[in-house]
Amino acid sequence: MNSPQTSEMASPDIDELMSLLNRLLENVATVVLGKPEVIKLAVVALLAEGHVLIEDVPGVGKTLLARALAASIDCTFRRVQFTPDLLPSDIIGSSVYNAASGEFIFKQGPIFANVILADEINRTTPRTQSALLEAMSDTQVSVEGKTYTLEPPFIVLATQNPYEFEGTYVLPESQLDRFMIRLRMGYPVRSEERRVLSTHRSGEPVETLRPVLMAEDVIHLQRAVRNVRVDDAIAEYLLDIVHATRKGEDLHVGVSTRGALTLYRAAQSLAFVSGRDYVVPDDVKSLAVPVLAHRVVGKSFLQAGEFGAAEAIIRDLVDRLRVPS
């Protein structure tokens, strides 16, 4: 495969941007088989400067998706395996005493990378999970009174096992709210699973994946997403959905203003990924469940993993609202 191409222009035109986007989607799809919608949502989050939470049973490709996306971009990548004994300093970093200079020097942790794979994030304690909060919200880290800015692009791709699995901790609501999109891989159809068997005869295909974009290319794409137009009627429709969650009889806690803004940015990104420079109602409608379901708390179910019930409630609310024409 050819080496990644970098745009020499300060602002690539739309044709160049779409070429970059398609190159990324196609590269990831070469190893994540039969999951075009899942790949699309992951890229939507990346271009909207958001983060992705991938929940499903072990062995269905959660980690593969994250690794394939990271391998497709020529940037720094760090994988953190979350375990019960992991400490916040293991993620952020810590000061180390330098005997030669007699001073403490800050040694950066794995959070100082462009793409972070937080593998099995719910196998560590909430205290360690919260070490990611500032980085995910503000792309910066504060340590011992000093603030360190994280270089763009920056995305956290976290995987988690279902809560009924042994040895898992519930992600706090504040942590869940930092993820733009929550998605599931699901089992592949039989024909695609047959392809998986064939492609793994000689090893793991993701190991041979080569980057097709530079970090600067991703930044150009992110800037283009922010220029996608959102009509006032679409914005009102989005707010109708958000406010419906706050009035819903089945929900104890509705979607926050941060959640509304996240849905807005995700809709811009989906429109761009779909080849448009404007948002349509279907962009908002199709994103309502993956963007909002993990942000609400129901009255008749616990937040500890009953996402299926939350998804059904959000889907029902959206179906009952009038779609702007």
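**Exercise 1. Asparagine 114**

A polar contact of 2.9 Å joins the side chains of asparagine 114 and threonine 76 in this predicted model. Work out where asparagine 114 lies in the chain, whether asparagine 114 is buried or exposed, and which residues asparagine 114 is in contact with beyond its neighbours within four places in sequence.

*Solution.* Begin with the position: asparagine 114 belongs to the loop between strand 5 (103-108) and strand 6 (115-119). Next, take the relative accessibility, which is 9% for asparagine 114; because buried means under 20% relative accessible area, asparagine 114 counts as buried. Finally, with neighbours within four places in sequence left aside, the contacts of asparagine 114 are Cys75, Thr76, Glu151, Pro152, Pro153, Phe154 and Ile155. Two of the residues in that list, Pro152 and Pro153, return in the next exercise.

**Exercise 2. Backbone geometry in three loops**

Determine what the peptide bond from proline 152 to proline 153 is, cis or trans, and what sign phi takes at glutamate 120 and at glutamate 144.

*Solution.* Start from the general expectation: most residues other than glycine have a negative phi, and most peptide bonds are trans. The bond from proline 152 to proline 153 has omega near -10 degrees and is cis, and proline 153 sits in the loop between strand 8 (146-149) and strand 9 (155-160). Turning to phi, glutamate 120, in the loop between strand 6 and helix 5, has a positive value near 55 degrees. Glutamate 144, in the loop between strand 7 (140-143) and strand 8, likewise has a positive phi, here near 50 degrees. Glutamate 144 has a relative accessible area of 64% and is therefore exposed, the cut-off for exposed being over 50%.

**Exercise 3. Glutamine 129**

Establish whether glutamine 129 is buried or exposed, and which backbone oxygen its side chain reaches.

*Solution.* Glutamine 129 is part of helix 5 (residues 126-129), and with a relative accessible area of 0% it is buried. The side chain of glutamine 129 reaches the backbone oxygen of isoleucine 121 at 3.4 Å. Among the contacts of glutamine 129 outside its neighbours within four places in sequence are Ile121, Asn122 and Thr124, together with Tyr169, Val170, Leu171, Pro172 and Gln175.

**Exercise 4. Two partners of helix 11**

Decide how helix 10 (residues 232-247) and helix 9 (residues 215-226) are each oriented relative to helix 11, and describe the residues that make each contact.

*Solution.* Take helix 10 first: its axis and that of helix 11 (residues 257-273) come within 10 Å and cross at roughly 150 degrees. Since angles over 145 count as roughly antiparallel, helix 10 is roughly antiparallel to helix 11. This crossing is right-handed, and the contact is built from Leu238, Val242 and Arg246 of helix 10 and Thr257, Ala260, Leu263 and Tyr264 of helix 11. Sorted by class, the contact of helix 10 with helix 11 has five nonpolar residues, one polar and one charged.

Now take helix 9, whose axis comes within 8 Å of that of helix 11 and crosses at roughly 110 degrees. As the range for roughly perpendicular is 65 to 115, helix 9 is roughly perpendicular to helix 11. The crossing of helix 9 and helix 11 is also right-handed. Here Leu221, Ala224, Val225 and Arg226 of helix 9 meet Arg265, Gln268, Ser269 and Phe272 of helix 11, giving a contact with four nonpolar, two polar and two charged residues.

Technical notes. Residues numbered from 1 in each chain as written. Predicted model: local features only at pLDDT ≥ 70, side-chain atom pairs only at ≥ 80, totals over all residues. Heavy atoms only, no water. Axes fitted to C-alpha atoms, helices over the stretch in contact; angles between N-to-C directions. Helix = DSSP H or I, 4+ residues; strand = E, 2+ residues; numbered from the N terminus. Parallel < 35°, antiparallel > 145°, perpendicular 65-115°, else oblique. Left-handed = near helix turned anticlockwise from the far one by under 90°. Contact = heavy atoms within 4.5 Å. Nonpolar A, V, L, I, M, F, W, Y, C, P; charged D, E, K, R; others polar. Buried < 20%, exposed > 50% of the residue type's maximum accessible area, 1.4 Å probe, protein only. Polar contact = N/O pair within 3.5 Å; in protein donor to acceptor, adjacent residues only side chain to side chain.
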